[in-house]
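Subject: Structure handover and what was found in it

Dear colleague,

I am handing over the structure we talked about, and below it I have set out what was found in it. Please keep the structure open while you read, so that you can look up each residue as it comes.

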Amino acid sequence: TSSPETFFEVIGTLVDAGASCIFMSPPWGGPCYKDRLVLDIRLMTVDGAAAISAASKVTPNVAAFLPKNSNMAQLVALGGLLAEG
């Protein structure tokens, strides 16, 4: 089965795998994401900010397919935190 816990368990096993990049498309929370003017990425089915942060522990090269109404301020802040290490 797929669940947030499963994602974090699996990503944790990849830390020493030597991956050069990760592409992810976390579940957005169903069709209701379209009804929001700005989507808080922390409130997606899998916390988007936590998922990207966890993936960045495997490799600094993380790409995430997210809805166009994702909160850009959150993404910029997350990018800054990840860049600082």
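A search of the whole structure, which is a predicted model, finds 3 aromatic pairs. One of them joins Phe7 and Phe8 in an edge-to-face arrangement, with 4.9 Å from centre to centre and 85° between the planes. Phe7 counts as partly exposed because its relative accessible area is 22%, and Phe8 is likewise partly exposed, with a relative accessible area of 31%. Another pair is formed by Trp28 and Phe65, and this one is tilted, with the centres 5.4 Å apart and 40° between the planes. Trp28 sits in the loop between E1 and H2, while Phe65 sits in the loop between E2 and H3, so this pair ties together parts that are 37 residues apart in sequence. Phe65 is partly exposed, with a relative accessible area of 46%. If you look around these two rings you will also find Tyr33, since ring pairs link Trp28, Tyr33 and Phe65 into a cluster.

The next place to look is Asp40, which also lies in the loop between E1 and H2. Is Asp40 buried or exposed? Its relative accessibility is 18%, and because buried means under 20%, Asp40 counts as buried. The side chain of Asp40 meets the side chain of Arg42 in a salt bridge, at 2.9 Å from N to O, and the count of salt bridges comes to 1. Arg42, for its part, counts as partly exposed, at 49% relative accessibility. The backbone of Arg42 is involved as well, for its nitrogen lies 2.9 Å from a polar atom of the Asp40 side chain. In addition, the side chain of Asp40 makes a polar contact with the side chain of Gln74, at 2.6 Å.

From there, please turn to Ser70, which is found in the loop between strand E2 (62–64) and helix H3 (72–84). Ser70 has a relative accessibility of 4% and therefore counts as buried. Which residues is Ser70 in contact with, once its neighbours within four places in sequence are left aside? They are Val38, Leu39, Ile41 and Leu75. For Val38, the separation along the chain is 32 residues, yet the C-alpha atoms of Ser70 and Val38 are separated by 5.7 Å. The side chain of Ser70 also reaches the backbone oxygen of Pro67, at 2.7 Å.

Last comes the nonpolar core. In soluble globular proteins, nonpolar side chains tend to be buried together. Here the largest nonpolar core has 17 residues, and those that touch the most other members are Ile11, Ile22, Met24 and Met44. Strand E1 (22–24) and helix H2 (48–56) each supply at least two residues of this core, and the largest share, 5 residues, comes from H2. Ile11 is a useful residue to display, and apart from its neighbours within four places in sequence, Ile11 is in contact with Ile22, Ala54, Ala55 and Val58.

With best wishes

Technical notes:
Residues numbered from 1 in each chain as written. Predicted model: local features only at pLDDT ≥ 70, side-chain atom pairs only at ≥ 80, totals over all residues. Heavy atoms only, no water. Helix = DSSP H or I, 4+ residues; strand = E, 2+ residues; numbered from the N terminus. Buried < 20%, exposed > 50% of the residue type's maximum accessible area, 1.4 Å probe, protein only. Contact = heavy atoms within 4.5 Å. Polar contact = N/O pair within 3.5 Å; in protein donor to acceptor, adjacent residues only side chain to side chain. Core = buried A, V, L, I, M, F, W, Y, C linked by side-chain atoms within 4.5 Å. Salt bridge = Lys/Arg side-chain N within 4 Å of Asp/Glu carboxyl O. Phe/Tyr/Trp six-rings, centres within 6.5 Å; stacked < 30°, edge-to-face > 60°.
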